[in-house]
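Here are my notes on this structure for someone coming to it fresh. Have the model open beside you and go through the points one by one.

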Amino acid sequence: MSWSLWFNIKKIEVVSQWFLGKGSGEQWEYGFGVKNDGFISASIWQLNGVGHAVATSTSAISINNWYHMVVVYDSSGTNLHLYINGVLNATDTSFVGTIGNGNQQLRIGARQTSEGDVNGKIGRASCRERV
């Protein structure tokens with residue numbers, strides 16, 4: 001699977017800001033956003049919600065700049081890749097299992113809880129079944 005979007009953050013907040021998220025509680029499936037330290041994070045969870053993989057950028061973003069982010073979960077079933085502006089920035093190879101695929105709504109610019117809304121702009125978000 002792959003996910004892609006453009007983002008421009010106005011302010012780094014105290015809580016993480018979610019660009020895109022699916023799941024809640026013990027049934028998280030995936031989520032991507034900017035953490036409270038300005039680093040980009042991409043996470044996927046196992047079908048049972050127990051294990052997960054996280055790819056975190058190697059440097060913090062700057063506010064008021066546009067970035068292109070692509071997250072790829074490859075067909076080997078173990079690798080999560082984070083690309084920023086077309087360059088591979090982080091990889092997590094620890095994932096084992098199947099990504100959750102529940103009936104939770106996909107949220108863009110927020111997550112299912114009351115915190116984590118994006119303070120900025122998101123554009124051209126997409127999710128693809130294939131890489």
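1. Let's start inside. The largest cavity has a volume of about 40 Å³. A cavity here is a set of points, on a 1 Å grid over the protein atoms alone, where a 1.4 Å probe fits but cannot get out; points are joined across faces, edges and corners, and the volume is the space filled by probe spheres set on them. Counting cavities of 30 Å³ or more, the structure holds 1.

2. A word on what you're looking at: this is a predicted model, where local features need pLDDT of at least 70 and side-chain atom pairs count only at pLDDT 80 or more, while totals for chains, interfaces and linings use all residues. Residues are numbered from 1 along each chain as its sequence is written, and side-chain values use heavy atoms, with hydrogens and water left out.

3. How confident is the predictor? The protein chain averages a pLDDT of 84 (the predictor's confidence in each residue, from 0 to 100), and 90% of the residues score at least 70. Among the elements, E6 has the highest mean pLDDT, 94, and strand E9 (residues 106-108) the lowest, 80. Strands (E, at least two residues) and helices (H or I, at least four) are DSSP runs, numbered from the N terminus.

4. Back to the cavity: which residues line the largest cavity? They are Trp 3, Ser 4, Leu 5, Leu 20, Phe 32, Met 69, Val 70 and Val 71, where lining means having an atom within 4 Å of a point. E1 and E6 are the elements that give two or more residues to this lining. By class, the lining has 7 nonpolar residues, 1 polar and no charged ones. For these classes, Ala, Val, Leu, Ile, Met, Phe, Trp, Tyr, Cys and Pro count as nonpolar, Asp, Glu, Lys and Arg as charged, and the others, Gly among them, as polar.

5. Now the core. The largest nonpolar core has 26 residues, and Trp 3, Phe 7, Phe 19, Ile 40, Ile 44 and Met 69 touch the most other members. Such a core is a set of buried Ala, Val, Leu, Ile, Met, Phe, Trp, Tyr and Cys residues joined through side-chain atoms within 4.5 Å; buried means under 20% relative accessible area, exposed over 50%, and partly exposed in between (1.4 Å probe, protein chains only). Two or more residues come from each of strands E1 (2-9), E2 (17-22), E3 (30-34), E4 (40-45), E5 (52-56), E6 (66-73) and E7 (80-84).

6. Trp 3 deserves a click. Contact means heavy atoms within 4.5 Å, and, not counting residues up to four places away in sequence, Trp 3 touches Leu 20, Tyr 30, Phe 32, Ile 44, Met 69, Val 70, Val 71, Tyr 73, Ile 99, Ser 126 and Cys 127.

7. There is open space to look at too. About 220 Å³ lies in the largest pocket, a pocket being an open set of points with protein on both sides within 12 Å along at least five of seven lines. Of its 12 lining residues, Met 1, Tyr 73, Ile 99, Gly 100 and Glu 129 lie nearest the centre. The lining divides into 4 nonpolar, 4 polar and 4 charged residues.

8. On to the loops, beginning with two backbone angles. Asn 64, in the loop between E5 and E6, has a positive phi near 60 degrees without being a glycine. Asn 85 has a positive phi of about 55 degrees, and is not a glycine either; Asn 85 lies between E7 and strand E8 (87-92) and counts as partly exposed because its relative accessibility is 44%.

9. Lys 11 sits in the loop between E1 and E2. Leaving aside neighbours within four places in sequence, Lys 11 is in contact with Gln 17, Ile 63 and Asn 119. With 46% relative accessibility, Lys 11 counts as partly exposed.

10. Is Gln 105 buried or exposed? At 58% relative accessibility, Gln 105 counts as exposed. Gln 105 is found in the loop between E8 and E9, and so is Ser 94, which is partly exposed at 47%. Outside its neighbours within four places in sequence, Ser 94 is in contact with His 52, Ala 53 and Thr 78.
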